[in-house]
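Colleague: I am new to this structure. Could you take me through it with short questions and answers?

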Amino acid sequence: MTDQTVYLPVDLLQNFIRDSFIAFGTPPEDARTVADVLITSDLRGIESHGIGRLRYYYDRLITGQHDVNTQIDVVCESPTTAVLDGNHGLGMVIGTRAMQMAIDKARTYGMGSVAVRNSTHFGIAGYYPLMAVAQGMVGLTVTNARPSVCPTFGTQPILGTNPIAFGAPSDEPFPFLYDAATPIIQRGFVEKLAREEKMAKAGWLVDPENQPLTDPVDILQRLGKGEAAFLPLGGAGEELGGHKGYGLATMVEILSASFQTGAFLMGLTGLAEDGSPQPFRVGHFFIAMDVESFVDLETFKHTTGTILRELRDTRKAPGQMRIFTAGEKEFEREQRVRRDGVPIVPNLQKDLLFVRGKLGLSQYEFPF
Ligand SMILES: NC(=O)c1ccc[n+]([C@@H]2O[C@H](COP(=O)([O-])OP(=O)(O)OC[C@H]3O[C@@H](n4cnc5c(N)ncnc54)[C@H](O)[C@@H]3O)[C@@H](O)[C@H]2O)c1
């Protein structure tokens with residue numbers, strides 16, 4: 001954060017996001033859903049995917065790559081499965097409907113899984129497993145994304161940042177929620193570095209000659225031209241397990257495209273052959289598992305909570321005060337953000353003023 005960072009109340013930003021989408025022509029109920037997904041990201045401290053992405057969605061709505069009116073078709077359905085076509089509507093609206101469908105199936109049959117094609121960017125993958133957790137279930141969500149990650153031993157960006165999110169209820173004040181991309185860092189993190197005028201670390205991205213890239217502004221320009229690639233989790237080569245991140249990213253690509261005959265790899269550039277913008281045709285996959293079909297919910301929560309506590313109670317590395325479990329930092333962050341507000345760095349302030357001006361939302365007053 002810089003000295004000029006301003007902290008704005010959660011409600012104000014959530015309403016601003018909602019009204020921005022309504023101004024674009026999104027039905028109010030859908031605009032509320034979008035605002036809830038985006039603000040949940042800021043609440044959990046994932047600044048790369050919250051209000052910071054409003055300008056990104058603005059640009060995509062202007063080019064018509066995302067349709068403000070989400071129309072979802074059910075391509076096929078069984079008691080426990082479904083394939084949906086999102087028709088390039090709003091990813092957050094498509095994602096919440098798909099996950100709720102998986103949850104409803106799981107409530108009746110124990111398990112539900114829904115594959116989606118022709119969607120758009122749906123925000124943080126973790127939002128959707130949290131829906132399952134809130135309804136006493138375990139949830140898993142994956143999505144493919146624009147090509148930006150190279151395979152092990154390659155430098156061509158062809159896989160997406162393909163996050164995996166898994167949530168499970170626990171007897172603690174917060175659930176287990178693992179929610180992360182499959183390269184070492186993801187695009188939103190680079191956007192955040194650029195907004196905060198900080199450098200990336202060598203070893204996170206390479207150029208076509210396999211040389212490290214560290215300037216976030218340069219990286220974002222190169223990503224747009226396919227001249228930068230994120231390295232998969234584990235990093236370059238096999239020595240530190242880069243092939244495992246590569247394998248996980250490929251698994252996500254399969255789940256996001258093969259069940260639903262969807263687009264994949266270079267089919268997700270958002271550009272037609274002549275270079276003009278076209279829909280991204282993103283795919284997602286959602287699984288809900290009803291805990292009560294296996295064991296009573298309280299027993300599950302207690303076992304899960306015990307696993308998390310035992311992990312945190314193990315011996316700390318020298319200089320380390322705490323061991324965390326996934327979802328813990330975000331839970332603590334949420335308490336702080338609700339109290340102090342969402343940090344808005346100067347470059348994001350410019351984005352908010354831009355969107356406010358373009359969409360005529362003059363009823364919103366910002367202290368910048
Ligand atoms: N929709 C898309 O196309 C897309 C693509 C990529 C990423 N994303 C989203 O971006 C967000 C950020 O992804 P990321 O890869 O930067 O995440 P990250 O590297 O910040 O990792 C976050 C995960 O690691 C856990 N964690 C953090 N520190 C920990 C510790 N010390 N011990 C144990 N667990 C710890 C967190 O609880 C969280 O589950 C995610 O919400 C992801 O879904 C979305």
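Colleague: How many bridges join S3 to strand S4?

Modeller: This is a predicted model, where local features need pLDDT of at least 70, side-chain atom pairs count only at pLDDT 80 or more, and totals for chains, interfaces and linings use all residues. Residues are numbered from 1 along each chain as its sequence is written. Strands are DSSP runs (E, at least two residues; helices are H or I, at least four), numbered from the N terminus, and two strands pair if DSSP finds at least two bridges between them. S3 and S4 (residues 111-119) run parallel, and the bridges joining them number 5.

Colleague: Which residue in S4 is the bridge partner of Val83?

Modeller: Val83 has its bridge partner in S4. That partner is Ala115.

Colleague: Is the β-α-β crossover from S3 to S4 right-handed or left-handed?

Modeller: The chain leaves S3, passes through helix H4 (residues 91-109) and reaches S4. Point the strands away from the viewer: a clockwise path from the first strand over the helix to the second counts as right-handed. This crossover is right-handed.

Colleague: How many residues lie between S2 and S3?

Modeller: S2 (residues 73-77) and S3 (residues 81-85) run antiparallel, joined by 4 bridges. Val74 has Leu84 in S3 as its bridge partner. The two strands form a hairpin, and the residues between them number 3.

Colleague: Which element gives the largest share of the shell around the ligand?

Modeller: A residue is near a molecule if its C-beta atom, placed from the backbone, lies within 6 Å of it. The shell has 27 residues, and Ile124, Ala125, Pro163, Ala180 and Ala181 come nearest. Strand S7 (176-180), helix H6 (187-195) and helix H10 (328-340) each give two or more residues. The largest share, 4 residues, comes from S7.

Colleague: How many residues of domain 3 are in contact with domain 1?

Modeller: The domain assignment, automatic or from a database, gives domain 1 as 1-63 + 340-368 and domain 3 as 185-230. Their C-alpha centres lie 24 Å apart. Contact means C-beta atoms, placed from the backbone, within 7 Å. Domain 1 brings 8 residues to these contacts, and domain 3 brings 6.

Colleague: What is the radius of gyration of the protein?

Modeller: The protein has 11 helices and 11 strands. For 368 residues the globule rule (2.2 Å times the number of residues to the power 0.38) gives 21 Å. The protein's value over C-alpha atoms is close to that, so the protein is as compact as a globular protein of that length. The radius of gyration is 20 Å.

Definitions and conventions: Contact = placed C-beta atoms within 7 Å.
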